[in-house]
Amino acid sequence: MLAGVKVFATRRYPGPAFDELDDVEVAPLVQLDAPRDDVEGLIVANEPVPLDLLPRLRIVANFGVGFDRIDVAACAARDVVVTNTPGVLDAATADLAFALMMAVRREIVVADRFVRSAGWSGSWSEGGLAEELSGSTLGIIGLGRIGSAVARRARGFDLRVLYAQRRRTDTELGEFRELDELLAESDLVSLHVPLTPETEGLIDARRLALLRDGAVLVNTARGEIVDEQALVSELASGRISAGLDVFAHEPEVPAELLELPNVVLTPHIGSATRQTREAMTRLVVDNLLAIERGDPPLTPVGG
Ligand code: DGY
């Protein structure tokens, strides 16, 4: 039990581990509108931390691997530990990246709508033809934990894997390419870098133009990594297709995308399986428990 540490959680996070919190207040962050000197632990889902209102805060336990909306330097300056949930969501996110690749490449959403609208009246042998996934070239941008999980899944689909990242690594998972070369050489491109000042807008109009005609861009990382307006223009032209789980201004999705048949859209569900979300809560709670015991946090960020 986490006795003695008052925790503020911005929602009830899924899974049984959450019930191990002894003294937890569940409320949206907007309700934290006056100083609270009782709160020592804060659980957020990549939300900005109102440090000024929490003078006795000791830990921000982020539910998620990405922490781009948390000012880690400001927390460190106040001796507030920040933790995240790496590792436990790799499989679910890699699965979704693959689901999007397959859905876009095989036009599954379009086909589903066709059946539901009673459009299917002729022989199967006369239908439209999609592009095959097997045998394609997949470019992975960011061969970290999730990118590597995507590369391992790619083997089962006989994909040729290229990867780009700041540092070239010695790996069997794929062949290194400079980013621009990877974009020009891939049939499918999947993004797996964190959002940082260096990666914001990384895939800009110039780089989108490098993609091959008919290429598929999959984003399960962060919307801000791509110039969203430039992406909308490329997609509206029909030159490329995309599977998008993340957007620059969530939960807003550019209206132009809603009508396009060459885009599959999901609402930031990369880690949204029961098993993964429960494991994320487990790690959040374990980090809080470690601080309570006076132990080092399990998964601190920011070194
Ligand atoms: C994360 O963990 O950063 C995701 O965006 C949510 O799964």
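Two strands are taken to pair if DSSP finds at least two bridges between them. In this predicted model, strand E1, formed by residues 6-9, and strand E2 satisfy that criterion, pairing in the parallel sense over three bridges. One residue position within this pairing can be named: phenylalanine 8 has glutamate 25 in E2 as its bridge partner.

The two strands belong to an open sheet of five strands, arranged in the order E2-E1-E3-E4-E5 with parallel pairing. Strand E2 (24-26) and strand E5 (81-83) form the edges, each pairing on one side only. From one strand to the next, the twist of the sheet averages 20°. Helix H9, spanning residues 274-293, packs on the sheet and touches E1, strand E3 (39-44), strand E4 (59-62) and E5. The direction of helix H9 makes about 165° with that of E4.

Serine 190 is located in strand E9, which comprises residues 188-191. With a relative accessible area of 0%, serine 190 is buried, because the term applies to residues under 20% relative accessible area. Leaving aside residues up to four places away in sequence, serine 190 touches Ala97, Met101, Leu138, Gly139, Ile140, Ile141 and Val218. In addition, a polar contact of 2.7 Å links the side chain of serine 190 to the side chain of histidine 192.

Backbone geometry was examined next. Two residues that are not glycine adopt a positive phi, namely alanine 118, at about 60°, and aspartate 158, at about 55°. Alanine 118 is found in the loop between helix H3 (108-116) and strand E6 (137-141), whereas aspartate 158 occupies the loop between helix H4 (145-156) and strand E7 (160-164). The relative accessible area of alanine 118 is 64%, and the relative accessibility of aspartate 158 is 59%. Both residues therefore count as exposed, the cut-off for that class being over 50%.

A further backbone feature concerns the peptide bond joining glutamate 250 and proline 251, which is cis, with omega at about 5°. Proline 251 is placed in the loop between strand E11 (241-244) and helix H8 (255-258).

Definitions and conventions:
Residues are numbered from 1 along each chain as its sequence is written. This is a predicted model: local features need pLDDT of at least 70, side-chain atom pairs count only at pLDDT 80 or more; totals for chains, interfaces and linings use all residues. Side-chain values use heavy atoms; hydrogens and water are left out. Helices (H or I, at least four residues) and strands (E, at least two) are DSSP runs, numbered from the N terminus. Axes are lines fitted to C-alpha atoms, for helices over the stretch in contact, and angles run from 0 to 180 degrees between N-to-C directions. Contact means heavy atoms within 4.5 Å. Buried means under 20% relative accessible area, exposed over 50%, partly exposed in between (1.4 Å probe, protein chains only). A polar contact is a pair of N or O atoms within 3.5 Å; within protein, one must be able to donate a hydrogen and the other to accept it, and residues adjacent in sequence count only if both atoms are side-chain atoms.
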